[in-house]
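Visitor: Please walk me slowly through one part of this model, from the helix to the pocket. I'd like to follow the neighbours one by one, with the numbers attached.

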Amino acid sequence: KSGTTMLLQAAHQLRVAGAWGHDDDFEDQMDVIPMLEGGPASLLPSNCINQEQLAQPRIYKSHLKCRAFENIKVKRIYC
């Protein structure tokens, strides 16, 4: 276990300034942090990577190798 879920939760809490509850409620992390390469959750209508996200900056979960993003201006956290 590498702590990916905990790291994504921490990143999400930073981008929403610690807000919890009311309009920001979600049942699953995939509701607010889509996965780039798909998987079963990618079939859900709420998992479109191009849709507006709850807050900025946009966060995505991915199992792709870092070199897949070499030519794209992104900040990466590798876990």
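Guide: Happily! Let's begin with Gln-9, which has a relative accessibility of 22% and therefore counts as partly exposed, the class between under 20% for buried and over 50% for exposed. Please keep in mind throughout that this is a predicted model. Gln-9 belongs to helix H1. Its C-alpha lies 9.2 Å from that of Ile-33, although 24 residues separate Gln-9 and Ile-33 in sequence.

Now follow the helix along to Arg-15. Helix H1 covers residues 4-15, and Arg-15 is part of it. What is the nearest side chain of opposite charge to Arg-15, and how far away is it? That side chain is Glu-52, at 9.0 Å. A salt bridge needs a side-chain nitrogen of Lys or Arg within 4 Å of a carboxyl oxygen of Asp or Glu, and Arg-15, though buried, has no salt bridge. Polar contacts are present, however. At 3.1 Å, the Arg-15 side chain meets the side chain of His-12. Another polar contact, at 2.7 Å, links the side chains of Arg-15 and Gln-53.

Before following that second contact, a brief look at Ala-17 and Glu-52. Ala-17 sits in the segment after H1. Ala-17 is not a glycine, and yet its phi is positive, at about 55 degrees. With a relative accessibility of 74%, Ala-17 is above the 50% cut-off and so counts as exposed. Glu-52 also comes from the segment after H1. Because its relative accessible area is 64%, Glu-52 is exposed as well. From the C-alpha of Glu-52 to that of Val-32 is 9.8 Å, with the two residues 20 apart along the chain.

Back to Gln-53, the contact partner of Arg-15. Gln-53 lies in the segment after H1, and its relative accessibility of 10% is under 20%, so it is counted as buried. Where else does the Gln-53 side chain reach? It comes to 3.0 Å from the backbone nitrogen of Ile-59. Between Gln-53 and Ile-59 in the numbering there is a feature worth checking in your viewer: the peptide bond joining Gln-56 and Pro-57 is cis, with omega about 0 degrees. Pro-57, too, is in the segment after H1.

Ile-59 brings us to the pocket. The largest pocket has a volume of about 970 Å³, and 27 residues line it. Nearest its centre are Ile-59, Tyr-60, Lys-75, Arg-76 and Ile-77. Sorted by class, the lining holds 16 nonpolar, seven charged and four polar residues.

Tyr-60 gives us one last link. Met-30 and Tyr-60 are 30 residues apart in sequence, while their C-alpha atoms are 9.2 Å apart. Met-30 is found in the segment after H1. Its relative accessible area is 17%, which is under 20%, so Met-30 is buried.

To retrace the route: the Arg-15 side chain contacts Gln-53, the Gln-53 side chain reaches the backbone of Ile-59, and Ile-59 is among the residues nearest the centre of the largest pocket.

Key. Residues are numbered from 1 along each chain as its sequence is written. This is a predicted model: local features need pLDDT of at least 70, side-chain atom pairs count only at pLDDT 80 or more; totals for chains, interfaces and linings use all residues. Side-chain values use heavy atoms; hydrogens and water are left out. On a 1 Å grid over the protein atoms alone, a cavity is a set of points where a 1.4 Å probe fits but cannot get out, and a pocket is an open set with protein on both sides within 12 Å along at least five of seven lines; lining residues have an atom within 4 Å of a point. Grid points are joined across faces, edges and corners, and a volume is the space filled by probe spheres set on the points. Ala, Val, Leu, Ile, Met, Phe, Trp, Tyr, Cys and Pro count as nonpolar, Asp, Glu, Lys and Arg as charged, and the others, Gly among them, as polar. Helices (H or I, at least four residues) and strands (E, at least two) are DSSP runs, numbered from the N terminus. Buried means under 20% relative accessible area, exposed over 50%, partly exposed in between (1.4 Å probe, protein chains only). Lys and Arg count as positive and Asp and Glu as negative; His and the chain ends are not counted. A polar contact is a pair of N or O atoms within 3.5 Å; within protein, one must be able to donate a hydrogen and the other to accept it, and residues adjacent in sequence count only if both atoms are side-chain atoms.
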